[in-house]
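The following report examines pockets and charged side-chain pairs in one protein chain. The sequence and structure are shown first.

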Amino acid sequence: MLAAVRPLSPEGAALLQPELQGRFRWLRFQGPLEQEFVAWLRSSQHRSLVACMGLAMVMLLILTSVDFLRYHYLQSQQDIAAFQKGVFLPRGLAVVVLALSIWAVATRRITRYLQPFIITIIFLYGLQTSCTLHVYGNLNLLRVTGGNLLLVLVVFFPCTLLFYESLFAGLLLWLQMMLTGAWLLETPELLADHWLLSAYMLVTLCFAAVNGYMREYVLREQFLLRHVLDWDASHDPLTGLANRRMFNDRMCMAVHQARREGTPLAMALIDVDHFKAYNDCYGLWIQPVDATQ
């Protein structure tokens, strides 16, 4: 569901119709309209971002519980040391970092560099997932190799990221998964499965990217249409001047702001003498049309 639209600047409002006709196939608006869309997207998807991060924490805690169960079945000291270093250490660091990140995002401690911060969190989450899966493989433990595939899908969730930012995060996950596998896996059989999984991950990324592109395209189109409807409903179609509906909305906002800040509010009513002469000279004139012709 789309959040309530905010009034556009005059420069952004002037670009609504040209953008609807241009179809914005590269997922980018012109000038100030793009900035206002990005600001609206960041604000409207803040709750979904916190919810996605909370879900990631729940999954991480479940996997950590499974790690503790598997740890008790290890026999050799070498396997125990490898498990502690390659599984418990990345999981513990991920839990701490993700918990602090959820707190920082939920309380809006991070606003200016939120998108690079989110991409970094996604990369670190994928890194610990890859490391633990590779350690599982080296210890001949059952591992769910589809975990990295799920992460590629998750990067295109509504988490305040634009399509190109999500695509960059997905490519970053794919690259780190390939490099960590080539570095950590110890047997040729595991490496062969790893390269096959890398190919599957790239195909999954392509499908997810197509879906992400279509979702943002529709989102941008709805953003334009809702602002066009809002503009038409609050302005006179002939003169382009704000109508009574716009006056009521702005007056309500001004009253609430004055009450919140404890400041006085004044309204001036101006009457123009001999307005008919003024309107005849400067107003719009429409030539009558002969219906019989």
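The largest pocket of this predicted model has a lining of 32 residues, and those nearest its centre are Met59, Tyr125, Gly147, Leu150 and Leu151. A pocket is here an open set of points on a 1 Å grid over the protein atoms alone, where a 1.4 Å probe fits, with protein on both sides within 12 Å along at least five of seven lines; lining residues have an atom within 4 Å of a point. The space in the largest pocket is about 860 Å³, a volume being the space filled by probe spheres set on the points, which are joined across faces, edges and corners.

Helix 4, helix 5, helix 6 (114-138) and helix 7 (147-154) each contribute at least two residues to this lining. Helix 4 gives the most, with 10 residues. Helices are DSSP runs of H or I with at least four residues, numbered from the N terminus.

The second largest pocket holds about 350 Å³ of space. Its lining comprises 13 residues, with Ala82, Gly86, Val135, Asn138 and Leu184 the closest to its centre. Helix 5, helix 6 and helix 8 are the elements that give two or more residues to this lining, and helix 5 gives the most, with 6 residues.

The table sets out the lining of each pocket by residue class. Ala, Val, Leu, Ile, Met, Phe, Trp, Tyr, Cys and Pro count as nonpolar, Asp, Glu, Lys and Arg as charged, and the others, Gly among them, as polar.

| Pocket | Nonpolar | Polar | Charged |
|---|---|---|---|
| Largest pocket | 25 residues | 3 residues | 4 residues |
| Second largest pocket | 7 residues | 3 residues | 3 residues |

Charged side chains also pair with one another in the model. The count comes to 5 salt bridges, a salt bridge being a side-chain nitrogen of Lys or Arg within 4 Å of a carboxyl oxygen of Asp or Glu.

One of them joins Arg91 and Asp67, at 2.6 Å from N to O. This pair links distant parts of the chain, with Arg91 in helix 5 (residues 77-106) and Asp67 in helix 4 (residues 46-71), 24 residues apart. Arg91 is buried at 4% relative accessible area, and Asp67 is buried at 0%. Buried means under 20% relative accessible area, exposed over 50%, and partly exposed in between (1.4 Å probe, protein chains only).

Another salt bridge lies between Glu216 and Arg220, at 3.0 Å from N to O. The two residues are 4 apart in helix 9 (residues 188-234), which means that about one helical turn separates them. Both Glu216 and Arg220 are buried. Salt bridges with shared partners join Glu216 and Arg220 with Arg28 and Glu34 in one network.

Within that network, Arg28 forms a salt bridge with Glu34, and their closest N and O atoms are 3.7 Å apart. Arg28 is exposed, with a relative accessible area of 57%, whereas Glu34 is buried at 4%.

The confidence of the prediction is given by pLDDT, which scores each residue from 0 to 100. The chain averages 85, and 92% of its residues score at least 70. Among its elements, helix 8 (residues 163-184) has the highest mean pLDDT, 92, and helix 1 (residues 10-13) the lowest, 68. Where pLDDT is low, the predicted coordinates should not be read in detail.

Residues are numbered from 1 along each chain as its sequence is written, and side-chain values use heavy atoms, with hydrogens and water left out. In this predicted model, local features need pLDDT of at least 70 and side-chain atom pairs count only at pLDDT 80 or more, while totals for chains, interfaces and linings use all residues.
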